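Please look over the sequence and the model below before reading on. The paragraphs that follow lead through a few of its helices and then through some single residues.

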Amino acid sequence: MGKAHSSAFLDEQMLFGPDYGTVEFEMVADANEQSARAAQRKIGFRRVSADWRDVVTDPDVDLVDVATPNAFHYEAAKAALENGKHVYCEKPLSISAEQSKELAELAAKKGVVNYVGYNNTMNPANAYVRDLVKSGRLGSIMRFTGTYDQDQLLDESLPITWRHINKLAGCGAMGDLGSHLMSISQFIMGDIQAVNAMTTTVFPERPKAAGSSEMSKVENEDIITCMVEYVNGAVGTIAASRVATGRKNYLAYEIQGTQGAVTYDLERMGEVHVYFQSDDEADRGFRKVLLNPRHKGYSAFQPAGGISIAYNDMKILEAHELMSALTQGTPYICDFEFGYKIDRTVAAVLESARRREWIKVL
């Protein structure tokens, strides 16, 4: 993620120009100093450190970019805020709702720019769907159904990593994958007020190291399935799996309204499928909308519709929104309060799965 963020800042300047500020890569820190020096050579950081504390206290650093494993987000982001720095933190904001609430309150108190990297909210397709829902063209929204499935951990011989350990990751498929869908869902649909979930761990043990016969316990879920109730009265299901056979990056959802519906699949990033009940009966059905320069963010990359953009382009749009907030004071969605909203929803989902009952989020 450090590479993705750095690249996004460089590309943001090329695509949007100097009106939104010019990034200077002042210092990079990594517990492995060799990795920090490799980043310095590749990206052009002026200085390196093996201690992140050097970054958050340095007077020449304006913005601290936290791209560590999940468990270290809270401490680094809090220290940066306490030192009056603007903060850009990769998702999740922290591994607990309590920590995220604390960070959101501290960021508001300090009055600095505070951004969480839920990059899918910057996808022009999701911005289009959000506008479609808000316009009323789909009628009263009844239902959201979505899943985020990958098969990267389907091989049970893959060794255990920090992502399987709760004190480092917070949770499993829900945090890694489901939280992205939660961010899109609440970006488009509004707040979730109650959840009812169940989880399963398909591979309860994994090798301690590649090729090892010694096993370690997997502490979190491979699959999550959750019913949700939105404040606006709509209902839905949200699911995620990191062992989904055949699926590579299948983030897909459908929104059904009384006058229309819309579906989207991230593996077909440039297409949104829409349906309008008002169409003539003989021609009624889903139609394909190709992303084009009329959709927010798209024109920064391509001059005509039907030309695909990709994952890293969402990160560039994220970096641009951050830079615009820093230099122009423009509003933005993915602040620490939004990150806290996602984290408290995730916490409610995990509590519901543990207790096997409905849990209120709000």
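H5 is followed by Gly111, a residue whose phi is positive, near 70°. Since the model is a predicted one, what follows describes that prediction, and a good place to begin is the helix that comes before this glycine.

Helix H5 covers residues 97-110, and because each of its 14 residues should add 1.5 Å, an expected span of 20 Å can be set beside the distance between its end C-alpha atoms, which is also 20 Å, so that the two agree. The buried residues of this helix are Ala97, Ser100, Leu103, Ala104, Leu106 and Ala107. An α-helix has 3.6 residues a turn, so residues three or four places apart point the same way. What do the buried residues of H5 pack against? Their partners are helix H4 (73-82), strand E5 (114-117) and helix H10 (336-355).

The pairing of H4 with H5 can be followed further. Two packed helices are described by the angle between their axes and by the distance between those axes. For H4 and H5 the angle is about 15°, and the axes lie 10 Å apart. Angles under 35 degrees count as roughly parallel, and H4 and H5 are therefore roughly parallel to each other. The crossing in which H4 passes H5 is left-handed. On the H4 side the residues that meet H5 are Tyr74, Ala77, Lys78, Leu81 and Glu82, while on the H5 side they are Gln99, Glu102, Leu103, Leu106, Ala107 and Lys110. Among these, Leu103, Leu106 and Ala107 also belong to the buried residues of H5.

Helix H10, another partner of the buried residues of H5, has 20 residues, which at 1.5 Å a residue should span 28 Å, and its end C-alpha atoms are indeed 28 Å apart, so expectation and model agree. H10 is mostly covered, since 14 of its 20 residues are buried, a term that means under 20% relative accessible area. After H10 comes Arg356, whose phi is positive, near 55°.

Attention can now turn to single residues. Ser241 is found in strand E11, which runs over residues 235-241. Is Ser241 buried or exposed? Its relative accessible area is 6%, and Ser241 is therefore buried. Not counting residues up to four places away in sequence, Ser241 touches Tyr148, Asp149, Gln150, Ala173, Leu177, Asp222 and Ile223. A polar atom of the Ser241 side chain also lies 3.1 Å from the backbone nitrogen of Val243.

Val243 leads on to Leu154, for Leu154 is in contact with Val243 as well as with Phe203, Arg242 and Thr245, leaving aside neighbours within four places in sequence. Leu154 has its place in the loop between strand E6 (141-149) and helix H7 (166-169), and because its relative accessibility is 30%, Leu154 counts as partly exposed. From C-alpha to C-alpha, Leu154 and Met269 are 24 Å apart in space, and they are 115 residues apart in sequence.

The last residue on this path is Asp65, placed in strand E3, residues 63-66. With a relative accessibility of 30%, Asp65 counts as partly exposed. Leaving aside neighbours within four places in sequence, Asp65 is in contact with His5, Phe9 and Tyr88, and with His5 there is a polar contact between the two side chains, at 2.8 Å. Asp65 and Phe338 are 273 residues apart in sequence, and their C-alpha atoms are 17 Å apart in space.

How values were computed:
Residues numbered from 1 in each chain as written. Predicted model: local features only at pLDDT ≥ 70, side-chain atom pairs only at ≥ 80, totals over all residues. Heavy atoms only, no water. Helix = DSSP H or I, 4+ residues; strand = E, 2+ residues; numbered from the N terminus. Expected span 1.5 Å × (residues − 1). Buried < 20%, exposed > 50% of the residue type's maximum accessible area, 1.4 Å probe, protein only. Contact = heavy atoms within 4.5 Å. Polar contact = N/O pair within 3.5 Å; in protein donor to acceptor, adjacent residues only side chain to side chain. Axes fitted to C-alpha atoms, helices over the stretch in contact; angles between N-to-C directions. Parallel < 35°, antiparallel > 145°, perpendicular 65-115°, else oblique. Left-handed = near helix turned anticlockwise from the far one by under 90°.
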